[in-house]
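Let's take a friendly walk through this protein model, one neighbourhood at a time. Keep the picture open beside you as you read.

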Amino acid sequence: MTPGSGFSSCCLTPRLQTPQLLLWCVTCHAVLCSLVQPGLEGRARLVHLLSNRSNQEQGYCETEARLDSSLDFWTLSSENLIAVLPVDPVKENYVRKVKNCIFSIAFPTPFKSRVHLVAVSKEVLEDILDLDLSVSETDAFIQLVSGEKIVFGSIPLTHRYGGHQFGIWADQLGDGRAHLLGIYRNRQGEKWELQLKGSGKTPYSRNGDGRAVLRSSVREFLCSEAMHYLGIPTSRAASLVVSDDEVWRDQFYNGNIVKERGAVVLRVAKSWFRIGSLEILAHYGELDLLRSLLDFIIQEHFPSVNVQEPNRYVDFFSIVVSETAQLIALWMSVGFAHGVCNTDNFSLLSITIDYGPFGFMEAYNPDFVPNTSDDERRYKIGNQANIGMFNLNKLLQALNPLLDRGQKHLAAQILEGYPVLYYTRFTELFKAKLGLLGERKGDGDLIAFLLHLMEKTEADFTMTFRQLSEITQSQLQELNIPQQFWALKMISKHQLFPAWVSQYLLRLKSNINDSDSERRKRMTTVNPKYVLKNWMAESAVQKAERNDFSEQAPTALEAWIHLNSPFQQ
């Protein structure tokens, strides 16, 4: 495989603890009249926790501060967003075409039945949200993460965006079942946006019911956390709750509609803006708003770009191109297929978002497609790099109205460099997976040769590289593959395996100041032993549907412990 405009599908080449206070429940209308403007109505209740003082005023910079053991003084804020970005003047929550704004205000719709906590991420609560794990046992927490109540200072927002779905412009999409609760600034000074998914209808729900089901929510919770521990940029999942509310879904798109249970995931990310956020504005000629949104994103999330610089949009595009190439190469390095790589699912911050019909490849197959509705196999794993190019081209088209002739030419050149960026990063990652040091001319061919053998023998992707991390060079040289290395043993049946081993061992000899033990140690840090295989996710779903939530509990599930430490023995 060589750099070029296309990619071969056959080679995936703080605050102090505070005493308990009373919670004051007031109507959304009463509070928001003083925050925004008259006429806002909501269906959820507000938990009046504290006057909206910043976390910094409360001492979040104190590095030795304890975690909050209650939500009494824990606050969110939407001010950073709505002070700069326009909000839909229509306050009623009904499906409609929205224009000339970035957000619509819409409140979560509480479940009618009792809500149960299925899972929490201890790391997200403690390291991102400054909350002690014990907070998750409180009613106030359940009410917050289910959308029944929102904290004072939060104005729930739903984001307007468009996108290309399966290569076709889909016009207005938007947050059809998600509510952005606000921004939390933690004791490290990091700002995180909290979003509920599955929390009810919004102006962007189209023909949907605004709900998510337990099955898909369990998968999203597990995968977003598993991806984090694999070292891949991703949104995070703080919690998962389930109700007994009935939600009807056609899981396999075959006309067989079944009853499922409604669920809500609390997701966190530095930003939820995506390529489609810009596309919708360019499509409708809202160029002043496009410029304002871009400047806001650059100011908040791209510190290396000077927002006063005339070429700032080109600089921004260059970073997104580079980091998108990096992200997709990382996906490929662990055999991850996103499943729905539409432009509305591609983050401008190049993090993995919107986990739907994803999948981790088991037997190596560049045509692997986890999405049963992808009949044309557009989003097969071997095509993800090409889709990245397509999506970045759509991003450039959205930026073009703001660029002069010279800037357009420069941006086009940047996009043309994407295949080389991707191929370079892909090669670097797979060289590390093989324990190769330095640069050698035939490294790309060595990687492609192994992937070819894996494809022909249908070897397990994850375990092939893991077992190469554990087997000794002497065992390889003798072609003596112990039974425990079953994935390698499968490949060894191919007649060309000895030739690959010979080339591999010769290449390892060129590693300077290296030893076999150091090679194996190094490789085990980049080749996971555990990824979220489909059977693991399905096991968790089936248990959750029986109200057995052990598979989602970070301290109770053996499989989750493996996902929490994917590189350990």
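Leu194 of strand β10 has Val268 as its bridge partner in strand β13. Please bear in mind throughout that this is a predicted model. The two strands, β10 and β13 (residues 258-269), run antiparallel to each other and are joined by five bridges. On strand β9 (residues 178-185), β10 has another antiparallel partner, and that pairing has seven bridges. One of the matched pairs there is Ala178 with Lys197 of β10. Between β9 and β10 the chain forms a hairpin with five residues between the strands, where Gly189 takes a positive phi near 85°.

Is β10 largely enclosed or left open? Six of the seven residues in β10 (residues 191-197) are buried, so this strand is largely enclosed by the rest of the structure.

**A covered helix**

Now find helix α6, which spans residues 275-283. How many of its nine residues are buried? Eight of them are, so to speak, tucked away, and the helix is mostly covered. The buried residues are Ile275, Gly276, Ser277, Leu278, Glu279, Ile280, Leu281 and Ala282. What do they pack against? Their partners include the strands β6 (157-159), β7 (164-165) and β8 (168-169), and also the helices α7 (287-301), α8 (312-333) and α9 (384-399). Just after α6 comes Gly285, with a positive phi of about 70°.

**Two helix pairs**

Helix α9, one of the partners of α6, also packs with helix α11. The table sets this pair beside another one, made by α5 and α18.

| Helix pair | Residue ranges | Angle between axes | Distance between axes |
|---|---|---|---|
| α5 and α18 | 214-229 and 534-545 | about 130° | 9 Å |
| α9 and α11 | 384-399 and 418-433 | about 145° | 10 Å |

Take α5 and α18, which pack at an angle of about 130°. That angle makes α5 oblique to α18. The crossing of this pair is right-handed. From α5, the contact uses Leu214, Arg215, Val218, Arg219 and Leu222, while α18 brings Asn534, Ala537, Glu538, Ala540, Val541, Ala544 and Glu545. Sorted by class, the contact holds seven nonpolar, one polar and four charged residues. A general point helps when you look at such a list: an α-helix has 3.6 residues a turn, so residues three or four places apart point the same way.

For α9 and α11, the crossing is right-handed. On the α9 side you will find Ala385, Gly388, Met389 and Leu392, which meet Tyr418, Pro419 and Tyr422 of α11. What classes of residue make up this contact? There are six nonpolar residues, one polar residue and no charged ones.

**Two loop residues with positive phi**

Next, look at Asn100, which sits in the loop between α2 (79-82) and β3 (103-105). Asn100 has a positive phi of about 60°, although it is not a glycine. Is Asn100 buried or exposed? Its relative accessibility is 54%, and residues over 50% count as exposed, so Asn100 is exposed.

Asp354 lies in the loop between β14 (336-337) and β15 (359-360). Its phi is near 55°, again a positive value in a residue other than glycine. With a relative accessible area of 13%, Asp354 is buried, because buried means under 20%.

**Residues that meet across the sequence**

Cys341 is found in the loop between β14 and β15 too. Its relative accessible area is 0%, so Cys341 is buried. Which residues does Cys341 touch, once neighbours within four places in sequence are left aside? They are Trp331, Phe346, Tyr379, Gln384, Ile387 and Asn391. Cys341 and Gly167 are 174 residues apart in sequence, while their C-alpha atoms are 9.6 Å apart in space.

Finally, visit Arg522 in helix α17 (residues 516-524). A relative accessibility of 25% makes Arg522 partly exposed. Leaving aside neighbours within four places in sequence, Arg522 is in contact with Gly435, Leu437, Asn511 and Asp514. Along the chain, Arg522 and Lys433 are 89 residues apart, and their C-alpha atoms are separated by 8.7 Å.

How values were computed:
Residues are numbered from 1 along each chain as its sequence is written. This is a predicted model: local features need pLDDT of at least 70, side-chain atom pairs count only at pLDDT 80 or more; totals for chains, interfaces and linings use all residues. Side-chain values use heavy atoms; hydrogens and water are left out. Axes are lines fitted to C-alpha atoms, for helices over the stretch in contact, and angles run from 0 to 180 degrees between N-to-C directions. Helices (H or I, at least four residues) and strands (E, at least two) are DSSP runs, numbered from the N terminus. Angles under 35 degrees count as roughly parallel, over 145 as roughly antiparallel, 65 to 115 as roughly perpendicular and the rest as oblique. A crossing is left-handed if the near helix is turned anticlockwise from the far one by less than a right angle, and right-handed if clockwise. Contact means heavy atoms within 4.5 Å. Ala, Val, Leu, Ile, Met, Phe, Trp, Tyr, Cys and Pro count as nonpolar, Asp, Glu, Lys and Arg as charged, and the others, Gly among them, as polar. Buried means under 20% relative accessible area, exposed over 50%, partly exposed in between (1.4 Å probe, protein chains only). Two strands pair if DSSP finds at least two bridges between them.
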